[in-house]
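Please open the structure in your viewer and keep the selection tool at hand, since each stop on this tour begins with something to select.

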Amino acid sequence: MSAVDISNLGKVFNPGAPNQVDALVGVDLSIASGEFVSLIGPSGCGKSTLLRLIANLLEPTAGSISVNGKTPKQARLDQDYGMAFQQSGLFEWRTVAKNIELPLELKGWDKNKRRERAMEMLELVKLADFAEHYPWQLSGGMQQRVAIARALAVHPPLLLMDEPFGALDEMTREHMQGELLSICRRTGTTVVFVTHSIPEAVYLSNRVVVMSPRPGRITKIVDVNIEGERTDATRDNAAFFGGITAVREALRGVEMSDHVRGIEDR
Amino acid sequence: MTSRLLAFLRNIVPPVVFGVGFLAAWELVVKGFDLKPYFLAPPSKIWEMFTTNFDLVWGATKVSGTNALVGLLVGTAFGVVMSLVLSRYKVLNELVTPLAVALNAIPIFVLVAVLNNMFSITSEVPRRLMVTLVVYFIVLVNVARGLTQVSPTHVELMRSYAASEFSILRKVRVPNAVPYLFTSLKIAAPASVITAFVSEYFGGSQNGLGSRIASNIANSKNAVAWAYVLGACLLGLVFYTVSSLLEGVATPGGGTKRVRRRVRST
């Protein structure tokens, strides 16, 4: 069974109004269980909208989505996915452990079970010594690791991430990418990952979905064929560079067609 | 240790030196220019009046202080309850908030004259009502802001956890509003004291600090009036200090500091 099935999906904001926006048109995408898929494209291509439609934070205006074989709404109610954003979104009045416990609290877990799971997640992101710290006492990279631990706390089969490393410096970012991959290997989590960075998308993903704006749609899906486990050495790998070139060309095609259309419009 | 002591001295010595110097200059000017006591009393005389009339000043301070405290507590309670109602019903919020802001800007304590007319002339109720009203609007405006201006990421996260509106209120909006409540208390506490004094100028029993100051000036007992002013200053200081300490205790890491951190992280 595929983790996410999307067919002919469309989303229009403010339909009928003068500021109507066709955010997404005719999107078809199927994501297999355990797969890592990145969504990449220029601003306004609808990649974040697509992620929010899968998360049921938005309702589609056309087409259908299924998550884990359920409607997105049911999947959300069952907490079938975890979510992480560019801002870590940690609650500053809660300790690190209490932040991770929040989704479990809402599921009605008892205190001991919650604490046990929080500690397990902190081990996973290597922050076990920081359980009683407050978020502001942590660096940006550590905060983002807590956010990932929180997203995975209910052991969801699916992880939805919206530019989670976008605000981090390059060094921390590469380190976090490695950490994320190793976490996903251990937990078998399916990931949908929105990013602006081509190397990030290629390094992390089995497939990179290239999108274009006005109206937002998928223009190309690039398969990344890197053999074996991805490590820091992967970044010097020919297949890695091949992937980067393929995605870059797909994105250039997006810009070109835009450019040409711009001329025609005048 | 010595460096901390030095830092403490550096903070405390300049204002103390300035204060003592100011009082000395005051004393010298009054003595040197032989200013008449009905024009300006010297600090030494004010202090003498303060100590000899201490029981009277203390009695008047208790009356005004009680009025301020009762109004502060009742006004805060009403303000918090109303802000919870307003945050729940957007339409109501849009109706009431501009009104509350406008009322905050005008000296509504003149209303006490009307309130005096409604209750017995010896009643403390009009003054307490007036303080309640002033405090109520300060608390309402600030706490309502804390309840509504929550991070959009926090709300999206809670929705992804399938949290109910009530859970979002309890786990996001209320904790977010706590620093706002204590900030509003820091504004409202001195305002409650001021309102309690000024209310006494509009008639009623002659038992509080405000009316004592007025009657002693009317009787040309300038130095005694100043002794009551000193009592009023001390009362205001106590209210401010207690509200500041409360803020420090109630919010780990310090309330204002936390708000500042939040702004930086978003």
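**Where two helices meet**

In this predicted model, begin by selecting A:Ala97, A:Ile100, A:Glu101, A:Leu104 and A:Glu105 in H3(A), and then add A:Arg114, A:Arg115, A:Arg117, A:Ala118, A:Met121 and A:Leu122 in H4(A), which are the residues they meet. If you colour this contact by class, you will find six nonpolar and five charged residues, with no polar ones.

Two packed helices are described by the angle between their axes and the distance between the axes. Now show H3(A) and H4(A), the latter covering residues 111-124, as cartoons: their axes come within 9 Å and cross at roughly 125°. An angle over 115 degrees but not over 145 counts as oblique, and the two helices H3(A) and H4(A) are therefore oblique to each other. Their crossing is right-handed.

**The side facing chain B**

Next, display both chains together, and select the 17 residues of chain A that are in contact with 19 residues of chain B. Helix H2 (72-77) and helix H3 (96-106) of chain A are the elements that each give two or more residues to this side, and H3(A) gives the most, with three residues. By class, this side of chain A divides into twelve nonpolar, three polar and two charged residues.

**The whole of chain A**

Finally, zoom out to chain A, where you can trace eight helices and nine strands. Its C-alpha atoms fill a box of roughly 65 × 45 × 35 Å along the principal axes, and buried residues make up 43% of its 266 residues.

Technical notes
Residues numbered from 1 in each chain as written. Chains lettered and ligands numbered in written order. Predicted model: local features only at pLDDT ≥ 70, side-chain atom pairs only at ≥ 80, totals over all residues. Contact = placed C-beta atoms within 7 Å. Helix = DSSP H or I, 4+ residues; strand = E, 2+ residues; numbered from the N terminus. Nonpolar A, V, L, I, M, F, W, Y, C, P; charged D, E, K, R; others polar. Axes fitted to C-alpha atoms, helices over the stretch in contact; angles between N-to-C directions. Parallel < 35°, antiparallel > 145°, perpendicular 65-115°, else oblique. Left-handed = near helix turned anticlockwise from the far one by under 90°. Buried ≥ 20, exposed ≤ 12 C-beta atoms within 10 Å, placed from the backbone.
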